[in-house]
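Please look at the sequence and the structure below, and follow the account of the ligand site and then of the cysteines.

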Amino acid sequence: MGQKGKGFASMNQFPFDTTSRARRLRSSAALRTMVRETVLSVSDLIYPLFVVPGKGVRSEIPSMPDVFHHSIDLLVEECRKVLDAGIPAVILFGLPEYKDERGTGAYSDDGIVQQAVRSIKSATPELLVITDVCLCEYTSHGHCGLVEHGETLNDATLPLLAQTAVSHARSGADIIAPSDMMDFRIAAIRQALDEASFLNTPILSYAAKYASAFYGPFREAAQSTPAFGDRRTYQMDPANLRESLKEVTSDIDEGADMIMVKPALAYMDVIRAVREITDLPLVTYNVSGEYAMVKAAAANGWLDERLVTLELLTGLRRAGADLIITYHALDASRWLRNFS
Ligand code: PBG
């Protein structure tokens, strides 16, 4: 036609078609909104909470600004705020009064998480309560299972995880989320839940959970740093992608209802790869170290916390996550209300 790019003398020299212009659909806020491919919504967010013994406790965790240890009475108030913000779910972590070698506090019916779940479900029954199932916050050695001669035992740990899951369900937990990374724990927990008649309690599996240095602030908050060694014999090697697909596939075969990739930001390729092999709801955990990095940079005035956080969370949705566990959930719910 010879007319392409007409009006720009120099354009006629371009050896390609200039009919299509990417900038056309970016020219106004309304247009950008209309063609936006990924939408971040408050209903995609899950808020993590730490519960501690005592009364009237609300103490900030030093490495996680604006995140608190709450005693049950104040935790219930916090949950009301979460519900009012439109966030559909919380995930609970407990710090027990005592720790022992077998992590008894994890599966005792009057354990800290069990008590907290009962209180939350009676005060705000509409708020979904997810419970993290693991032994590391409850064992004196800080490992996620039973330890013998320095080794974290797999099969011997399974009954304790199953018992923990059942006691959470009995307290009213809506979703059970095992984070220990023992092999076959999904099968063991599903069987135990079914035998206890919790046929309809879903399991959210921390399926692809990496041995990550980004859990540092959490371990300080949960006082769950291993007393010796590390978690590399059960959590995944950060260098592996194919292995995550194997973990996800076996957890689905064992009965997982939802799948998690954790951490989030350094693992977006894993989120995408997992998205492509399953239609189950896919959750990612924007972990403590990722949160701490943003907070530290924002405190120094180096990054705009609101814009950076919304960009990161949107990126996780774009990578393929349906739901995001994030310490920024309450802030994000506020920002999303007046974000354009
Ligand atoms: C317990 C657990 C951990 C996190 C969630 N569940 C710590 C760990 O595996 O060492 C980390 C969460 C975070 O860093 O925000 N096993």
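The space taken by the ligand is the largest cavity, where a cavity is a set of points, on a 1 Å grid over the protein atoms alone, at which a 1.4 Å probe fits but cannot get out, and a molecule sits in it if more than half of its atoms lie within 2 Å of its grid points. This is a predicted model, in which local features need pLDDT of at least 70 and side-chain atom pairs count only at pLDDT 80 or more, while totals for chains, interfaces and linings use all residues. Residues are numbered from 1 along each chain as its sequence is written, and side-chain values use heavy atoms, with hydrogens and water left out.

Around the ligand stand 18 residues (each with a heavy atom within 4 Å of it), and the closest are Lys209, Arg219, Lys262, Ser288 and Tyr327. Side-chain N or O atoms approach the ligand at several points: that of Lys209 is 2.6 Å from a ligand oxygen, that of Ser288 is 2.7 Å from an oxygen of the ligand, and that of Lys262 is 3.4 Å from a ligand nitrogen. The protein covers 100% of the 400 Å² of accessible area that the ligand has on its own, as computed by the Shrake-Rupley method with a 1.4 Å probe.

Turning to the cysteines, a search of the whole structure finds 0 disulfides (pairs of cysteine sulfur atoms within 2.5 Å). Cys134 forms no such bond because its sulfur is 3.5 Å from the closest cysteine sulfur, that of Cys144, which is too far. Cys136 is likewise in no disulfide, the nearest cysteine sulfur, in Cys134, being 3.8 Å away. Cys134 is buried (under 20% relative accessible area) at 1%, and Cys136 also counts as buried, at 6%.

Key: A polar contact is a pair of N or O atoms within 3.5 Å; within protein, one must be able to donate a hydrogen and the other to accept it, and residues adjacent in sequence count only if both atoms are side-chain atoms. On a 1 Å grid over the protein atoms alone, a cavity is a set of points where a 1.4 Å probe fits but cannot get out, and a pocket is an open set with protein on both sides within 12 Å along at least five of seven lines; lining residues have an atom within 4 Å of a point. Buried means under 20% relative accessible area, exposed over 50%, partly exposed in between (1.4 Å probe, protein chains only).
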